[in-house]
Amino acid sequence: MKPSVILYKKLPDDLLTRLESHFNVTQLSDLSPETVKQNAEAFANAQGILGSSEKVDEALLEHAPKLRAASTVSVGYDNFDVDALTARGIALMHTPTVLTETVADTMMTLVLATARRAVEGAERVKAGEWKGSIGPDWFGIDVHHKTLGILGMGRIGLALAQRAHFGFSMPILYNARRHHKEAEERFDARYCDLDTLLAESDFVCISLPLTEETHHMIGAEQLAKMKPSAILINAGRGPVIDEKALIQALQAGTIHAAGLDVFEQEPLPVDSPLLEMPNVVALPHIGSATHETRYNMAACAVDNLIAALTGDVKENCVNPQVLK
Ligand SMILES: NC(=O)C1=CN([C@@H]2O[C@H](COP(=O)(O)OP(=O)(O)OC[C@H]3O[C@@H](n4cnc5c(N)ncnc54)[C@H](OP(=O)(O)O)[C@@H]3O)[C@@H](O)[C@H]2O)C=CC1
Ligand SMILES: O=CC(=O)O
């Protein structure tokens, strides 16, 4: 008999067919307590789960005693209680690499859009404000040759450094837990401590995961260390920045602008002060959201679940110690 799995995200038809060729699939809209209660038998029998953006914690795992693998359609896994999964011997699979280039493109989009005031300018054109040759009140600032600071020189940080170095002749500063030789050799990136990066960068770009250490890593104290002309970009996770402190810093002119793909609360509440600021570009968490990349992520997640439940994992496992 095929193992039973729970799918809590819509998949393209061909990928659903592939998943169904290996497993008995129960499709659910979410992992809310109501859904879990209504599908108690499916959870009791599930050996695998596949989806994204839902909390998977001890409370949920108690309903799924046979679970052996969880496969997320994302590279970030801060919504999973990894310790609880590991304690139960459940493999957590994720989708690094397939989305790296697309997320780096999104970060460069935010750099360009904030510096050149592209969204604000386009909105003014639509509002009929473009009535003649534009003056300095429409001007932005240069991106090329400015200093780009990268917080988190992992896969995405490296891909951003490549774009900034080769495409825009930008000197690169970076901070991570360890030195990254590849970034230093290929892109002339210079490792520095957080304070130096904040003080010297024209753009501070965050591509960090959300962990206990990175939570509110950027607060009022750190924002005060940035140049008043600097722009803050975040495509890591919202809670890496203390959003209240960011709002205050933008209101006070402590920093010049912000480009944000992620927020402390998503969707961003419609009454957020960030939405009233012309110097803020707010995106709806679209880092990896292209047709091609989202398909590749879903395919990777399906393959990951098949590998985990057939004992053939070669990559993409967050807690490989459970496989031994
Ligand atoms: N906006 C979006 O749609 C998307 C957002 N993301 C987010 O981007 C994150 C990064 O992805 P990816 O680049 O693939 O991940 P990687 O694991 O490759 O890179 C993470 C980087 O963060 C650094 N880091 C982690 N903790 C700390 C810390 N406490 N202090 C300093 N540096 C730290 C790591 O340092 P070291 O190298 O020293 O280990 C590493 O350089 C994801 O976890 C996710 O949250 C990802 C995809 C899409
Ligand atoms: O935020 C998206 C991810 O893949 O992580």
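**Figure 1. Contacts across the sequence in the predicted protein chain.** Take the contacts between residues at least 6 apart in sequence: 61% of them join residues at least 24 apart. Keep in mind while browsing that this is a predicted model. Its secondary structure amounts to 13 helices and 12 strands. With a radius of gyration of 22 Å, close to the 20 Å from the globule rule for 324 residues, the chain is as compact as a globular protein of that length. The C-alpha trace spans about 70 × 45 × 35 Å along its principal axes.

**Figure 2. Inside and outside of the protein chain.** Buried residues make up 49% of the 324 in the chain. Turning to the surface, the accessible area is about 16100 Å², and carbon and sulfur atoms contribute 52% of it. As for charge, the chain carries 29 positive and 42 negative charges, and the mean positions of these two sets lie 3 Å apart.

**Figure 3. Thr 214 in its loop.** Here we zoom in on Thr 214, which sits in the loop between β9 (203-206) and α11 (220-225). Is this residue buried or exposed? Its relative accessible area is 7%, under the 20% cut-off, so Thr 214 counts as buried.

**Figure 4. The surroundings of Thr 214.** The side chain of Thr 214 reaches the backbone oxygen of Pro 209, at 2.7 Å. Setting aside neighbours within four places in sequence, Thr 214 is in contact with Leu 208, Pro 209, Pro 239 and Val 240. Pro 209 therefore appears twice in this view, as a contact of Thr 214 and as the owner of that backbone oxygen.

Methods
Residues are numbered from 1 along each chain as its sequence is written. Chains are lettered from A and ligands numbered from 1 in the order in which they are written. This is a predicted model: local features need pLDDT of at least 70, side-chain atom pairs count only at pLDDT 80 or more; totals for chains, interfaces and linings use all residues. Side-chain values use heavy atoms; hydrogens and water are left out. Helices (H or I, at least four residues) and strands (E, at least two) are DSSP runs, numbered from the N terminus. Buried means under 20% relative accessible area, exposed over 50%, partly exposed in between (1.4 Å probe, protein chains only). A polar contact is a pair of N or O atoms within 3.5 Å; within protein, one must be able to donate a hydrogen and the other to accept it, and residues adjacent in sequence count only if both atoms are side-chain atoms. Contact means heavy atoms within 4.5 Å. The radius of gyration is taken over C-alpha atoms; the globule rule is 2.2 Å times the number of residues to the power 0.38. Accessible areas come from the Shrake-Rupley method with a 1.4 Å probe; for residues, only the protein chains shown count as cover. Lys and Arg count as positive and Asp and Glu as negative; His and the chain ends are not counted. The place of a charge is taken as NZ of Lys, CZ of Arg, CG of Asp or CD of Glu.
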